[in-house]
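Hi everyone, thanks for making room for me today. I'd like to walk you through the side-chain packing in one model, so please have a look at the screen.

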Amino acid sequence: MKYLQKKLFLMLMVGIFMLTSCTKEIPITEVYIGDSTKYDPKPYVFNTPWFFPTEMNIPADNPLTVDGVFLGRTLFYDMRFSGYQSADSQMCCATCHLQENAFECGMNGPFPNGHPVGITGIATPHVMLPVVNLVWQNNGYLWNGLIHPDNPQVSKRTIEDVVCMAVYAPHEMLSDTNKARNAIAAIPGYKPLFKKAFNTETITFKLMAKAVAQFIRSIVSVNSKFDQYLLHQTAFTPSEANGFVLFVTEQGADCFHCHGGDGNPLLTTYQFYNNAKDTIFTDPNDRYGVTGDPMDHGAYLAPSLRNCELTPPYMHDGRYNTLDEVINFYSEGLKPSPYASPLMHKLAIGGAHLTPQQKADLKAFLLTLTDHDLTSNPAYGPPPNFP
């Protein structure tokens, strides 16, 4: 774990150096608050294409503001968020959620197998889900949807609560909110940031979680080639166009029932499905573990396919390392069970049985879902001159 932390720290420092190599180091207070500490809650404005949903998952008690999102962005990247002083035990959201990988860890970061582990070396129950476009996710968080506003089984039901869970979880920071709060409160420059964001210099973990949740909700992927195609700003190649047809037709690959695409720009329904990849179900953290409905055995969230090129490994347990493996599974590898979703229309014949050319075309379309603006936008990266 010490090696992983040092490696991530080096990666972050290199990125920060690239942002700041032409400027001198400036104290945190001067960088962040400028000439004023006045509370002036300017609403954060989303710039999204017309075909995206207008209903957003923003709580009434935590509206997005420019200063709130900026504070959350700062905390998202601050390794001291875990509350520990030792570099070996420091961790933050950006430890695992890497911008270059669409805010998932991927397989080219500090966790080469794509399955993150916490400070103590304990692996998370499932592989990661990207924290992208969550402002439109209204059907629960995590692979099984456990964190949901209407779930009576749990007290934690929002993105703000997920931030809190990350601090306590033994497979993440294994700390507590008092430690996290004390570590951040001890850093000069944060009090003015909280004043600007929440009109108070009293730093609490509740406000810390609210700020981070604001930043997470601000992370949107809306500028892939697919989006530009829908806006008539670019054209698909013949292979990409054929792949799109395969994606949205039952006669083709039949992907759209679970992942949208036929007018759904989110590329997911945010519903939970057993996609016929197993016949034995023992995972206590599947959808059945939340609902108790026997038909939810082996069911998991259908993740958005946006930026899927950047987010291996795939499936809840990371069993597939490449998109080709995923396509092959849906083409020839479906396994019948009483719990498989009825939307798996090709189950009886084992899959869609795509030709090699059809597989290549489908993959070509999936690659149009990569949003390079998301992965390079400095507004989503560490703040400039971040210490």
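Let's begin at Tyr 229, which is partly exposed because its relative accessibility is 29%, above the 20% limit for buried. Phe 244, on the other hand, is buried, with a relative accessible area of 16%. One word of caution before I go on: this is a predicted model.

What do Tyr 229 and Phe 244 form? They make an aromatic pair of the edge-to-face kind, with 6.1 Å centre to centre and 85 degrees between the planes. Tyr 229 sits in helix H8 and Phe 244 in helix H9, so the pair ties together parts that are 15 residues apart in sequence. These two rings also belong to one aromatic cluster, together with Phe 226, Phe 236, Phe 247 and Phe 365.

Stay with those helices for a moment. Lys 225 in helix H8 and Glu 240 in helix H9 are also 15 residues apart, and their side chains meet in a salt bridge at 2.8 Å, N to O. Lys 225 is partly exposed, with a relative accessible area of 25%, while Glu 240 counts as buried at 11% relative accessibility.

Now for the other salt bridges. How many are there by this rule? The count comes to ten. As a general reminder, side chains of opposite charge can pair when their charged atoms come close. One I like is Arg 217 with Glu 160, at 2.9 Å from N to O. This pair links distant parts of the chain, with Arg 217 in helix H7 and Glu 160 in helix H4, 57 residues apart. Are these two buried or exposed? Both Arg 217 and Glu 160 are buried.

Compare that with Lys 42 and Asp 40, whose side chains meet in a salt bridge at 2.6 Å, N to O. Here Lys 42 is partly exposed, with a relative accessible area of 47%, and Asp 40 is partly exposed at 35%.

On to the nonpolar interior. In soluble globular proteins, nonpolar side chains tend to be buried together. In this model, the largest nonpolar core has 62 residues, and Leu 75, Phe 81 and Phe 194 have the most contacts inside it. Helices H3, H4, H5, H6 and H7 and strand E2 each supply at least two of its residues. Which element gives the largest share? That is H7, with nine residues.

Phe 81 is a good place to zoom in. Setting aside neighbours within four places in sequence, Phe 81 is in contact with residues including Leu 75, Met 91, Val 163, Ile 184, Phe 205 and Met 208. Apart from this core lies another, of 28 residues, with Phe 236, Leu 246, Cys 255 and Phe 365 among them. You may recognise Phe 236 and Phe 365 from the aromatic cluster earlier.

Back to aromatics, to finish. By this rule there are 22 aromatic pairs. Phe 103 and Tyr 380 form one that is edge-to-face, 6.3 Å centre to centre and with 85 degrees between the planes. This pair spans 277 residues, from the loop between H3 and H4 to the segment after helix H14, and both rings belong to buried residues. Lastly, there is a charge over a ring: Arg 287 lies over the face of Phe 272, at 4.0 Å from the ring centre.

Thanks for listening, and I'm happy to take questions.

Note on methods:
Residues numbered from 1 in each chain as written. Predicted model: local features only at pLDDT ≥ 70, side-chain atom pairs only at ≥ 80, totals over all residues. Heavy atoms only, no water. Core = buried A, V, L, I, M, F, W, Y, C linked by side-chain atoms within 4.5 Å. Buried < 20%, exposed > 50% of the residue type's maximum accessible area, 1.4 Å probe, protein only. Helix = DSSP H or I, 4+ residues; strand = E, 2+ residues; numbered from the N terminus. Contact = heavy atoms within 4.5 Å. Salt bridge = Lys/Arg side-chain N within 4 Å of Asp/Glu carboxyl O. Phe/Tyr/Trp six-rings, centres within 6.5 Å; stacked < 30°, edge-to-face > 60°. Lys NZ or Arg CZ within 6 Å of the ring centre and 35° of its normal.
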